[in-house]
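Thanks for sharing this one. Here are a few notes to read with the model open beside you.

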Amino acid sequence: MEDHIAFLSFSGQRLSRVKKIHEELVSRGHDPFFDREKVRPGQGLTPEIEKGLRRSKLFVVHYSSCYAISHSCQLELIHAFLSDEAEGGESRILVINPEKDRAHIQPVALQDKLYIEDRGQDVSEIVDEICARARDVRGTFPGINVAVTPPRIHGMSPTVDVRVRRHGDMWRVRTALTRNDFPITQRPVNRAALLTGLPGAGKSTLVDDYILYFGHLYDDVWKLDLRGVADYYPDEIERLLGVRDRGSAMDSLGVKRGHRRQLWVVDTIPPDLTDRQLDELIMPLDNVDTILVSQGGPASRLAEEVRLDGLSPDEAVQLVKLYHPLSSEEEDELPTLLARSVSRHPMALAALARGARERSDLGSFAEQVGRVYDGAEEGIEAIVTVVADRLGRETNPDCLTLLQLAAECALDAIPVRFACAVADRFDLDEHSVVRALRRLRDSHQITWEGDSWSAHALVRLAARRLPCRVPANDLVVAAARLLTSADTPLDDRLLPHARHLCGNRALAPELRELLLTRTAATLVHLRRPEAAARFYERLLAEFPAAGTAATHLAAARCHAQVGEHERAVEHAREAGERLDALLVLAASLDAGGRFAEADPVWENVITDPVISSWPDGAAAEIDWVRSRRLRGDLLPHRQRLVAILEREDELPARLAHEARLELAEIDMLTDRPEDARDRARFVVDYYENANTPHDPVAAQARFTLASADITLGFLELKPDLERWPAAEKRLRAQLVDQEKVLGPRNLSTLTTRTAIGSALIGQGRAAAARDHARALLPVLESRVGVDHPLHHRCSYVLGMAYLQLAKFPQAIEHLESAHRGQLVTLGEAHHETLRTQFELAMALKLQDRKFNKRANALIDRVRVLSPKVTGRLNDLYAQSWVASIIARFSPTWLLRSAHRANHKHKWTDKIN
């Protein structure tokens with residue numbers, strides 16, 4: 001069996017780029033190992049992965065920032081790295097760095113090795129480097145054995161229980177111990193690492209893992225545990241080494257050991273040791289690596305700090321699975337939510353997962369997670385008590401005040417300026433706040449990055465148990481008053497805390513009303529209508545007197561933007577007869593398929609004398625054109641949109657993009673699909689470049705682009721066959737977002753689900769489209785009823801699926817149902833009605849010659865009406881024109897033969 005030139009290791013987010021490298025290597029006649037599926041958290045190395053590594057000449061790692069925090073990626077890397085180190089000679093590891101710097105690359109040994117910068121250049125240049133390196137090495141990776149223990153372990157042996165291996169943190173320890181091996185690129189330091197973090201953060205476990213993986217690099221490992229012996233630790237050193245003072249210990253580890261490589265570990269260092277005592281535990285020798293495990297004491301100027309704040313997201317999911325096996329439905333979100341509730345603290349997370357499994361007969365895993373978020377979970381009581389005991393030693397009241405503030409706010413980071421503003425109301429100046437934050441950071445109670453800080457989830461729980469000079473309710477009120485002190489939208493960093501405080505019953509009703517109003521307005525400003533709608537509903541439910549016309553109008557707009565048109569209609573009617581409320585009402589009735597109710601409202605809008613001078617006149621015009629399109633009136637209004645875009649510079653960007661998308665919808669239906677794609681792609685790119693891909697207009701643009709990709713133009717003789725699967729992929733990605741944010745029964749969500757069926761039809765995947773539409777139809781029936789245009793569209797998809805499968809009676813049944821409904825709801829002169837009418841006619845012809853008369857009449861009507869609705873240079877008109885001549889007198893057997901030639905893989909002998 002031929003060896004692989006390279007094992008390609010990469011993060012899933014970089015699949016498309018690495019896939020191009022793989023394809024280029026294959027085009028040159030090589031066979032690289034390329035795992036498209038990747039190792040899932042909790043799997044470990046599969047036999048296939050290990051076999052692929054053993055048969056590869058090189059380990060090519062596309063080391064992105066995502067790779068650095070991926071558990072599966074680091075698992076592959078550590079096996080390759082240790083195998084490479086054991087072999088010696090020319091390195092088999094080649095790093096491709098797609099980032100601007102190399103700080104994310106661990107261990108430091110890889111930073112010092114030759115690597116390729118990936119700046120988006122042609123992949124042939126990268127492949128040239130890979131091939132050149134492959135020529136310099138012989139054979140493949142040797143056998144891999146990463147758990148070889150050193151010849152001698154003195155003191156407590158490392159534990160070997162099954163647990164999550166924290167490879168990224170092991171690299172950080174390895175980097176701290178080996179910086180001196182790379183004096184040109186790294187700063188000179190002692191060969192010492194100080195592990196710090198909260199109790200239960202996994203410091204001792206990490207040391208044990210380091211010994212298991214890297215212990216074979218040392219001749220001796222010395223492990224000293226100071227648990228319970230802090231007052232007489234020199235006695236423990238004497239018991240371990242046979243000497244008592246530091247000088248003699250260094251002599252024993254250095255000179256007497258013949259300068260062989262040694263690992264010196266001091267675990268469970270108590271917090272009350274002095275700086276000098278801590279430094280005396282370090283052995284500053286060239287042949288000795290020192291690892292210190294601190295329990296919250298002083299830092300050391302002689303050791304590099306390796307702080308353990310929590311597991312990586314992948315590691316947290318794996319830890320939950322170790323203690324509580326999950327179903328596929330639970331795997332996606334729940335472990336992540338559970339981990340976030342305790343800041344991914346290993347001991348707390350393990351306790352919660354274990355408790356959830358023990359109580360699985362009392363409720364689902366989702367209910368257990370909900371209990372944790374509600375503060376009703378007792379599974380981490382012991383851990384919180386340990387943390388509270390540690391906090392109880394804090395003597396600075398300013399520190400306790402800040403921790404109490406963090407406990408009352410959300411889990412998100414708190415801006416330092418906001419903390420200073422709250423503290424100022426209790427006579428705590430800015431200097432005191434900054435000094436207290438530094439003290440908390442140095443004692444590992446908080447993390448502080450840039451101008452924001454956050455307390456560990458366990459610290460927040462523990463802080464609630466401690467006495468504080470400022471009552472918690474007073475802090476809550478002070479924070480809420482600051483958040484409502486201005487009329488402008490909140491800073492987006494303060495928004496999570498405002499949302500959290502809205503549910504705090506310590507606030508007076510009038511203050512909570514202000515906070516709900518401000519939070520909803522901020523969410524509107526940040527283009528988050530789905531969340532804003534929820535807060536407006538809370539506001540109006542708790543405080544009916546807040547239901548002014550302006551509030552109801554804002555709520556109506558939010559509901560309309562996220563497809564909740566029934567609620568939009570209710571709020572718009574409550575907003576009164578003002579023009580902007582009528583506009584939202586008419587558009588929402590249209591979107592809900594209630595055209596008969598919408599028509600008189602539109603009449604009031606367009607006949608209002610104020611409309612010509614109204615500041616939002618362009619918005620009203622766009623909505624009016626959209627209403628005409630929904631009724632099938634396309635060509636007469638296209639020029640109005642072109643005229644709006646001609647004065648684009650005078651319009652807000654959002655309004656211009658709405659006009660552009662509406663024009664794309666019309667172009668798509670009137671044989672300008674390429675123009676429609678360009679317009680929709682322009683809007684998609686705009687919002688992605690602005691880093692606002694979740695804006696409702698951006699979501700509509702992605703939907704329009706996918707729909708345009710499904711549409712085949714009359715003059716597209718060589719369409720891109722990759723367009724349909726790409727469109728389906730985009731629609732499915734959008735569906736995932738919509739189901740998560742809007743819910744599975746939201747009208748926008750259901751519209752996307754229906755469009756996926758159309759994408760399947762476009763690809764000829766009739767069986768998949770049939771199953772998709774059959775599952776969706778009853779959902780639509782219960783959600784919008786059988787008279788809604790979306791229900792008719794889904795019936796059309798199901799009929800087309802049966803038509804492609806040559807199930808002609810079933811195809812006629814569903815196309816007939818869709819056609820009847822569209823005639824009533826949309827009218828005959830509508831592009832959807834005409835398309836269904838044409839396909840129904842062809843199904844009738846394919847079923848039996850006795851239906852020819854009716855089928856010909858239907859086709860003739862499509863040929864007459866389609867030029868007025870969609871134009872002549874249109875696929876629908878062309879098909880109807882050809883069918884009215886060629887298919888008019890064709891016998892059924894001939895039409896079936898043509899159908900079978902086009903869909904031969906879907907026919908069965910039974911149909912014959």
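1. Let's start with a buried ring: phenylalanine 7 has a relative accessibility of 1%, so this residue counts as buried (buried means under 20% relative accessible area, exposed over 50%, partly exposed in between, with a 1.4 Å probe and protein chains only). Phenylalanine 59 is buried as well, with a relative accessible area of 0%.

2. A word on the basis of these notes: this is a predicted model, where local features need pLDDT of at least 70 and side-chain atom pairs count only at pLDDT 80 or more, while totals for chains, interfaces and linings use all residues. Residues are numbered from 1 along each chain as its sequence is written, and side-chain values use heavy atoms, leaving out hydrogens and water.

3. How many aromatic pairs are there? The count comes to nine, where rings of Phe, Tyr and Trp (its six-membered ring) pair if their centres lie within 6.5 Å, and planes under 30 degrees apart count as stacked, over 60 as edge-to-face and the rest as tilted. Phenylalanine 7 and phenylalanine 59 form a stacked pair, at 5.5 Å centre to centre with 20° between the planes. Phenylalanine 7 belongs to strand β1 (residues 4–9) and phenylalanine 59 to strand β3 (residues 56–62), so their pair ties together parts 52 residues apart in sequence. Helices (H or I, at least four residues) and strands (E, at least two) are DSSP runs, numbered from the N terminus.

4. Next, phenylalanine 81 and tryptophan 171 make an edge-to-face pair, with 5.0 Å between centres and 80° between the planes. The first ring sits in helix α4 (residues 71–87) and the second in helix α7 (residues 167–178), so this pair links parts that are 90 residues apart in sequence. Phenylalanine 81 is buried at 4% relative accessible area, and tryptophan 171 is buried at 0%. Together with Tyr210 and Phe214, Phe81 and Trp171 form one aromatic cluster.

5. Now for a sheet. Its three strands are open and antiparallel, in the order β12-β14-β13; strands pair if DSSP finds at least two bridges between them. β12 (414–415) and β13 (446–449) are at the edges with a single partner strand each, so one side of each has no neighbour in the sheet. Two bridges join β12 to the antiparallel strand β14 (residues 452–455), and proline 415 stands opposite serine 452 in β14.

6. Finally, arginine 628 lies over the face of tryptophan 624, 4.0 Å from the ring centre (the rule asks for NZ of Lys or CZ of Arg within 6 Å of the ring centre and within 35 degrees of the ring normal).
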